[in-house]
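Biologist: Could you walk me through the hidden spaces in this protein? I am new to this, so plain words would help.

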Amino acid sequence: MTDLLTVEDLRVTFMVNMGRDPLHAVDGVSFGLAEGESLGIIGESGSGKSTIARAVLSLLKISQGRITMEGREIATPQKHGKAGSYGVQIIFQDPHAALNPRVRIIRSLVEPLEIKGEGTASSRRDAALEMLTKVGINRALADRYPHELSGGQKQRINIARALLLRPKILVADEATAALDVSIQADILNLYRDLQEEFGLSFVVITHDLAVASYVSDRIAVMYLGKFAELGPSKALATTAAHPYTRALMSAEPEALPKHMQSTERLVLRGEIPSPVSPPSGCRFRTRCPIATERCAAEAPAWREMGPGHHAACHYAEEVMAGRPLTTPEPAE
Ligand SMILES: Nc1ncnc2c1ncn2[C@@H]1O[C@H](COP(=O)(O)OP(=O)(O)O)[C@@H](O)[C@H]1O
Ligand code: SF4
Ligand SMILES: [Mg+2]
């Protein structure tokens, strides 16, 4: 299967501390996204997930690498295009932000079509109403104002608004994080339906492994600007190759589907280090329960561990074979 979207060695650097220090928010990330595929990107806050989203949407200038869509170059350090024009739309975390509070829902829906100069006033309205039905919103709500709707309803309307522009890829950046768990599940089910109905591809960005595992064909685990592991969701659940992936799975077992539930209890020590001065060698080493001197000296290579399954750990074979990672209880 050829990829719809290709991200090659993406690097995004911000200058911080009054322009003195480079902060490598994304530090060499590569992946492809096939048509109709759903890729989850998980990682703690600050790991660089939203920066990848903004790069794919051409909302920022990339420092290195290349992003292509159906073979067409859409972003390099020299140029970036307009996301809508090459078929990528985004849904953000805050369902209120994207809807103008002063206009009725229908206005927010038809406006992007108007700007693009598509159809007539009545065909735009018909398309908007039809899309509302597809995302599970009663047409009667079209003449309401945003404050009259719930967070979940508003997020569905944001999805409808994005879909009206007929994207090939929908990027959801923590799009369900602000919603109650049951409503979150409804929206995730909607993603699945849309994936089937429109052959839409998804990039689902989340700090929540349960969300990623529910909707993703493949999952990328991100740590401090790099991917630690990327592979089919099932492979990650049964044979994770990176200690960080196993730590994430052990941190929230109840929320995960049965086949992903781990009995391991691995508590990560310390905080995520600053991306301005990441640890030498493997950047996970300051929190890794099995780190050795080699991990401080040598950055682990990105290695293929199975079909479509890659990880960056010197001891990935042992981790996959189930080497215990449980953190010893601290002495009293
Ligand atoms: N515009 C910016 N200027 C400076 N630093 C930024 C900017 N945007 C993001 N960062 C930094 O880049 C890192 C990655 O951020 P982000 O991509 O938002 O992470 P995530 O979405 O995983 O929480 C963080 O350390 C963040 O502080
Ligand atoms: S390379 Fe070393 S520090 Fe990094 S994840 Fe593997 S064992 Fe841990
Ligand atoms: Mg983010």
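Biologist: How much space lies in the largest cavity?

Modeller: This is a predicted model, where local features need pLDDT of at least 70, side-chain atom pairs count only at pLDDT 80 or more, and totals for chains, interfaces and linings use all residues. Residues are numbered from 1 along each chain as its sequence is written, ligands are numbered from 1 in the order in which they are written, and side-chain values use heavy atoms, without hydrogens and water. A cavity is a set of points on a 1 Å grid over the protein atoms alone where a 1.4 Å probe fits but cannot get out, and its lining residues have an atom within 4 Å of a point. Filling the points of the largest cavity with probe spheres gives a volume of about 90 Å³.

Biologist: Which residues that line the largest cavity are the closest to its centre?

Modeller: The lining of the largest cavity has 13 residues. The closest to the centre are P243, C282, C288, C295 and C313.

Biologist: Which ligand takes up the space of the largest cavity?

Modeller: A molecule sits in a cavity if more than half of its atoms lie within 2 Å of its grid points. The molecule in the largest cavity is ligand 2.

Biologist: Which helix and which strand each supply at least two residues of the lining of the second largest cavity?

Modeller: This second largest cavity holds about 40 Å³ of space, and its lining includes L188, Y191, V204 and I205. Helices (H or I, at least four residues) and strands (E, at least two) are DSSP runs, numbered from the N terminus. The two elements are α6 (181-198) and β9 (201-206).

Notes. 1 Å grid on protein atoms, 1.4 Å probe; cavity = no way out; pocket = protein on both sides within 12 Å on 5 of 7 lines; lining within 4 Å.
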